[in-house]
Protein chains: 2
Amino acid sequence: MFIKIIVKLPKTKEMVMKKKVLVPLATAFEEIEAVSIIDVLRRAEIEVIVASLNAGMLVKGANGISIQADVALADVDVSTLDMVVLPGGWGGTHALAEDATMQNILREMDKKGKNIGAICAAPFALNAAGVLKEKYTCYPSVEEEIQKDGYMGDAQMVVEDKNVMTSRGPATALCFALAIVKKLCGEEQYAALKAGLLATYCDEK
Amino acid sequence: MFIKIIVKLPKTKEMVMKKKVLVPLATAFEEIEAVSIIDVLRRAEIEVIVASLNAGMLVKGANGISIQADVALADVDVSTLDMVVLPGGWGGTHALAEDATMQNILREMDKKGKNIGAICAAPFALNAAGVLKEKYTCYPSVEEEIQKDGYMGDAQMVVEDKNVMTSRGPATALCFALAIVKKLCGEEQYAALKAGLLATYCDEK
């Protein structure tokens, strides 16, 4: 006699393929921007890999706040990433623009048409890699260093052109992170998180 | 013959008495709130002391972001402080409400009429210490745990009553930090920083 046992596994969050986003940190990154992106994306159940460009895992921001990274940038498996998002801060941005590993990751992601994001000064690092698209925004005056047409100024908090999303500075970081959630996880997740964060101003200029 | 030498010392930033603010971190603090407060206050040249409630200096937030504290809370010289500001997050808030050192610091500051601030869930920890004033705000539903009249809801991003400033959640943290700058450093510093952070929405609801 056979007893047929059917085991029906519950559908857990782990079973749904999690999106994976890389946030690289270099010394003198802008802390509000980095933390807003990591925090909001993790609230959306996105796997965020915080990677250090330095030898050590503790990375010091522009305002003296040190954050612990998960992994060294060189050890990140780029093929598994859905998106790379760069926080701003001039010091950190210059490091991101000059680091060969970082620049190669950006080019590899762009070649595959995968999503790329940058805020504040960091669109400069995208431009250095040749992956910035025509329309973009950044921290006011950084566009002079990028010297490109298509700078949208403060017309919107977040500018999207093809696979590249850009934003302006510390005060737009939370809305930028929410726009990334909308892009990767859809409108419903975006609306729920926006309400939970009390981000009533994100649709505005 | 006498040669009179008059040495006129240049007026440096160090010579102006810096304001000193304590930001305590307990495990499961809300990262956007803590970092927005520390970052913005430091931009205003306020000395921010980030203190750990734990044995270790690396404190893990509610969304898995670990931040390095400067000092253990027990080692802070309370007499030199101009203000204490508590970030939210339920886990962190409960720890702040249950820690005897923290609760004593709040009572000592309040007794001297010194400034106290709290955001999101953290007004609960002020209430536990008996220092919350009549009018306040907090993260929606936390007022049910505080059970006090005077909850102002979303009427303003920041509510001030006597020496106590309160705010609502992650999306109001940057404006809360700017309001603290206005309180401690004046209107001019506030306006300059607000513009620099691109925080156009802070005067709004």
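Student: Which residue of S9(B) does B:Glu160 stand opposite?

Tutor: In this predicted model, B:Glu160 stands opposite B:Met165 in S9(B). Local features here need pLDDT of at least 70 and side-chain atom pairs count only at pLDDT 80 or more, while totals for chains, interfaces and linings use all residues. Residues are numbered from 1 along each chain as its sequence is written, and chains are lettered from A and ligands numbered from 1 in the order in which they are written.

Student: What makes S8 and S9 of chain B a pair of strands?

Tutor: Strands are DSSP runs of E with at least two residues, helices are runs of H or I with at least four, and both are numbered from the N terminus. Two strands pair if DSSP finds at least two bridges between them; four bridges join S8(B), residues 158–161, to S9(B), residues 164–167, so these antiparallel strands satisfy the criterion. Two residues lie between the strands of this hairpin, in which B:Lys162 takes a positive phi near 55°.

Student: Why are S5 and S8 of chain A called edge strands?

Tutor: The open sheet of chain A has seven strands in the order S5-S2-S1-S6-S7-S9-S8, with mixed pairing, and S5(A) and S8(A) each pair on one side only. Within that sheet, S1(A) and S2(A) pair in the parallel sense over six bridges, and A:Pro24 stands opposite A:Ala51 in S2(A).

Student: How do you know that H1(A) is mostly covered?

Tutor: A residue is buried if 20 or more other C-beta atoms, placed from the backbone, lie within 10 Å of its own, exposed if 12 or fewer do, and partly exposed in between; 13 of the 13 residues of H1(A) are buried. The span of this helix also agrees with expectation, because 1.5 Å times one less than its number of residues gives 18 Å, and its end C-alpha atoms are 18 Å apart.

Student: What makes the relation between chains A and B a two-fold one?

Tutor: When the copies are superposed by least squares on the C-alpha atoms of residues with pLDDT of at least 70 in both, a rotation of 180° with 0.0 Å of shift along its axis brings chain A onto chain B with an RMSD of 0.0 Å. The two copies are therefore related as by a two-fold rotation axis.

Student: Why can one say that the copies meet through the same surface?

Tutor: Residues are in contact if their C-beta atoms, placed from the backbone, lie within 7 Å, and 100% of the interface residues of chain A are also interface residues in chain B, so the same surface is used. The contact takes 26 residues from each of chain A and chain B, and H1(A) gives the most to the side of chain A that touches chain B, with eight residues.

Technical notes: Contact = placed C-beta atoms within 7 Å.
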